[in-house]
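Visitor: Got a minute to walk me through this one? I'd like to start with how the chains meet.
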Protein chains: 2
Amino acid sequence: MGGKLFFFYYIHLPRQHLLVLFSLLSLAVASQVSASWYSCSIKGLPLVRNLTNAPQSNYGRGGLSHLTIAGAVSHGMKEVEVWIQTMAPGSGTPIHRHSCEEVFVVLKGSGTLLLSTTSMKTRHPDEPHNFPISMNTTFTIPPDEPHQILNSDEHDDLQLLVVISQPPIKVFIYDDWSMPHTAARLKYPYYWDEECFQYNAKDEL
Amino acid sequence: MGGKLFFFYYIHLPRQHLLVLFSLLSLAVASQVSASWYSCSIKGLPLVRNLTNAPQSNYGRGGLSHLTIAGAVSHGMKEVEVWIQTMAPGSGTPIHRHSCEEVFVVLKGSGTLLLSTTSMKTRHPDEPHNFPISMNTTFTIPPDEPHQILNSDEHDDLQLLVVISQPPIKVFIYDDWSMPHTAARLKYPYYWDEECFQYNAKDEL
């Protein structure tokens, strides 16, 4: 994230080199500013934000790139949260459930939605149904139904717009489809909420 | 105008890929489909729906093309709703307020957000602040703050992804910025919810 320390070896350089160096340092400072601009402080965020500078990361999950467009922990949202997620070929979400509503729009690529429609009525999820998903399709996950999204393509990324209610998201993760609902592990805060959760969420969320 | 679907997977992609997507989605456009497929019955809707066939209309508002990706009245959502809106040059929303949260992502074009930040503390909205908005920016409307979005460009459409909480939306409309808050007129159901509201919403919403 930039922030390189150049120190002042330029002291001995001719003036035009100094100007070039100054420009470079300005860029380095600017990139550091934009990173801190999105760091855990909500206060002072501009009303209109450019997504080009928004931070994205895999948050420790291989094959994922996640960007929070508007979130509870990162932007103070109370009722909705909006993400962009990109999944590399072969990657995907864990098998999981949550009580919030969730809307997906497939922006790019194709993949598979696995959804166990029996919800919590049985001891563990039923064998999931497979639904092909592709660019320009939309789907909604019914609350509390265990599901998984996979990029089942061999070559192309799968990119999704994701909208949830009741942020920040509270996720129960299953090791496999035969795991009892009661054994699914709560992961809260979720991966992308971890870093700033204590900073912003302790009293309010 | 067009009502083109123009999602924003370009975040990670070179410009030529963006143009390809734009072309593909332009072809997909205004198949002003079988409203019957989406018509007022929620039961039997497929879980994965192709947006190419989703109905869009101006719902009686000049310069607007509105598409409900997932909605309360049209798809049975309880907590979030997702739209795509395209506004022709010179058109825009009325001055209005609502108590729900609202997130925008500008998918295409540019325009102006007018926002009166004093909310309901004064008798009528204060003079609004103007915020330029453009492709790849995002912004959130604070609950109950009167606002208006205008396509202030002379040539290009403004296209927005819109997410709201507490659907279906309950909107209070102002004739101008000097109208008292108490005189703003409730429009409920809102334009795109009118046709199916009685069919789906009578008991539940």
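Visitor: How much area is buried between chain B and chain A?
Guide: About 3,500 Å². Carbon and sulfur atoms give 68% of that area. Keep in mind that this is a predicted model.

Visitor: Which three residues of chain B supply the most of what chain B buries against chain A?
Guide: L47(B), E101(B) and T138(B). Together they supply 18% of the area on the chain B side, more than any other three residues.

Visitor: And how many residues does each chain bring to the contact?
Guide: Chain A brings 41 residues, and chain B brings 43.

Visitor: How many salt bridges between chain B and chain A?
Guide: Zero. Polar contacts do turn up: 16 residue pairs across the interface, with both partners at pLDDT 80 or more.

Visitor: What classes of residue make up the chain B side?
Guide: Where chain B touches chain A, there are 30 nonpolar residues. The rest of that side is nine polar and four charged residues.

Visitor: Which strands pair between the chains, and in what sense?
Guide: Strand β9 of chain A, residues 137-141, pairs with strand β1 of chain B, residues 48-50. The sense is antiparallel, over three bridges.

Visitor: What stands opposite V48(B) there?
Guide: F139(A). V48(B) itself sits in β1(B).

Visitor: Switching to chain A alone. How many helices and strands?
Guide: Three helices and 13 strands. Chain A has 205 residues, and 47% of them count as buried.

Visitor: What share of its contacts link residues 24 or more positions apart?
Guide: 69%, counting contacts in chain A with a separation of 6 or more.

How values were computed. Residues are numbered from 1 along each chain as its sequence is written. Chains are lettered from A and ligands numbered from 1 in the order in which they are written. This is a predicted model: local features need pLDDT of at least 70, side-chain atom pairs count only at pLDDT 80 or more; totals for chains, interfaces and linings use all residues. Side-chain values use heavy atoms; hydrogens and water are left out. Contact means heavy atoms within 4.5 Å. Buried area is the accessible area (1.4 Å probe) that two parts lose on being put together, summed over both. A salt bridge is a side-chain nitrogen of Lys or Arg within 4 Å of a carboxyl oxygen of Asp or Glu. A polar contact is a pair of N or O atoms within 3.5 Å; within protein, one must be able to donate a hydrogen and the other to accept it, and residues adjacent in sequence count only if both atoms are side-chain atoms. Ala, Val, Leu, Ile, Met, Phe, Trp, Tyr, Cys and Pro count as nonpolar, Asp, Glu, Lys and Arg as charged, and the others, Gly among them, as polar. Two strands pair if DSSP finds at least two bridges between them. Helices (H or I, at least four residues) and strands (E, at least two) are DSSP runs, numbered from the N terminus. Buried means under 20% relative accessible area, exposed over 50%, partly exposed in between (1.4 Å probe, protein chains only).
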